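Trainee: Let us go through this model by question and answer. Please end each answer on the value or name I ask for.

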Amino acid sequence: MTDATMRAVAVLPGKANSLHLREVPRPRVDDIRAGRGALVDVIRVGACGTDREIVEALFGTAPAGDDFLIIGHENLGRVADVGENVPGWLRPGALVVATVRRPGRSIYDRIGMPDMTTDEPNERGINRLHGFLGEAYVDDAEFLVPLPDSLEAVGVLLEPLSIAEKGIRQAVDIQRRLRVWQPTRAAVLGAGTIGLLTALVLRLRGVEVTVYSRRPAPYRNSELLDAIGARYLSSADNSLDDLARVAGPLDLIVDASGFSPLALGAARVVATNGVLVLVSVTSGDTTAELPTDVINQGFVLGNKVMVGTVNSHRDDFVTGVEDLLRAEAFYPGWLSRLITTRVNGLEGFDEMVTHLESDRDAIKVVVEVAASGAGPSRS
């Protein structure tokens, strides 16, 4: 490796289990036009089910001109160098997280809403753009979000938190039609990283929250929910009707389960004037029988809404920074408990995949890009 190159973890899109460590050109500030570039040294990168599915070749597209894709979209880094036309706050040493989507050609892209694009999305580490699981990256200042140094230990959670922020924001935006809508009771389906962070955001807003997931309590995730004053119900012992009876009426249900029969089945138990937000992406071919007449009648007569949401806007990242700070103030140490599994160094990419595939106790797996040594540590 030379000063002009660096290491990164990549796949050959369309080829299963092709994850590998490779030498690639080191990015430079002037890769971004008009002096708006910022070179960022990566501190750590989070890994999730999306990364696992890219490794399995279920999706993922290489950038034009390359046959490989650098993966990793959950990121945290420090600015190393900047162009002459970046904003004043963006200086070497600044702690930043980069957003994931980049503008395409649709009207939504042109008005600054690439998360709502009608084009094939450009997503760093996922689709047509290289990601962040390397030693450095360069980006336009427009797509970087600053964090205070106090959040260095947990800032890698900002990208998944932004997904929760957008889902809840979308529900609130839609319900402006009701003028006085204010959710008081909510259910979150699924107790993985997104489910836990969604519960956190709702609790920070004073909402009574019940998380409904498969694994019986007690275990780490249910204990984390108890620590923020949320209820936990296991689907092994409780039906959706039980959920509605114990926790309802449910003004808001957010699905982060990854199981489509549960997500769509929840349409039956959302309350009058309620919203069902679908966050999890299900890429399989699961089918299920549902009481469609009951669901249809309930939605029509009850003015209910079902909405899908994907990715997030820069505003959701900014709101996420505020909520990270509030969480650290109200629930000290809670966020750090989500980071259960650390892999030291880019050379640990195989260990990262192993944890994603088979470690049922892992909540958030992160790769410590700047770390030396090898092997995971558990906290």
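Trainee: How are helix 3 and helix 9 oriented to each other?

Mentor: This is a predicted model, where local features need pLDDT of at least 70, side-chain atom pairs count only at pLDDT 80 or more, and totals for chains, interfaces and linings use all residues. Residues are numbered from 1 along each chain as its sequence is written, and side-chain values use heavy atoms, without hydrogens and water. Helix 3 (residues 158-174) and helix 9 (residues 314-330), both DSSP runs of H or I with at least four residues, numbered from the N terminus, pack at about 110° with axes 8 Å apart. Angles of 65 to 115 degrees count as roughly perpendicular, so helix 3 and helix 9 are roughly perpendicular.

Trainee: Which residues of helix 9 meet helix 3?

Mentor: Contact means heavy atoms within 4.5 Å. From helix 3, the residues involved are Leu158, Glu159, Leu161, Ser162, Glu165, Lys166 and Arg169. In helix 9 they meet Asp316, Phe317, Thr319, Gly320, Val321, Asp323 and Leu324.

Trainee: Which helices do the buried residues of helix 9 pack against?

Mentor: Buried means under 20% relative accessible area (1.4 Å probe, protein chains only). The buried residues of helix 9 are Asp316, Phe317, Gly320, Val321, Asp323, Leu324 and Ala327. Besides strand 6 (95-98) and strand 11 (144-147), which are DSSP runs of E with at least two residues, they pack against helix 3, helix 4 (193-204) and helix 10 (334-338).

Trainee: Which residue in strand 9 stands opposite Arg124?

Mentor: Strand 8 (residues 122-124) and strand 9 run parallel and are joined by two bridges. Opposite Arg124, in strand 9, stands Leu129.

Note on methods. Two strands pair if DSSP finds at least two bridges between them. Axes are lines fitted to C-alpha atoms, for helices over the stretch in contact, and angles run from 0 to 180 degrees between N-to-C directions. Angles under 35 degrees count as roughly parallel, over 145 as roughly antiparallel, 65 to 115 as roughly perpendicular and the rest as oblique. Buried means under 20% relative accessible area, exposed over 50%, partly exposed in between (1.4 Å probe, protein chains only).
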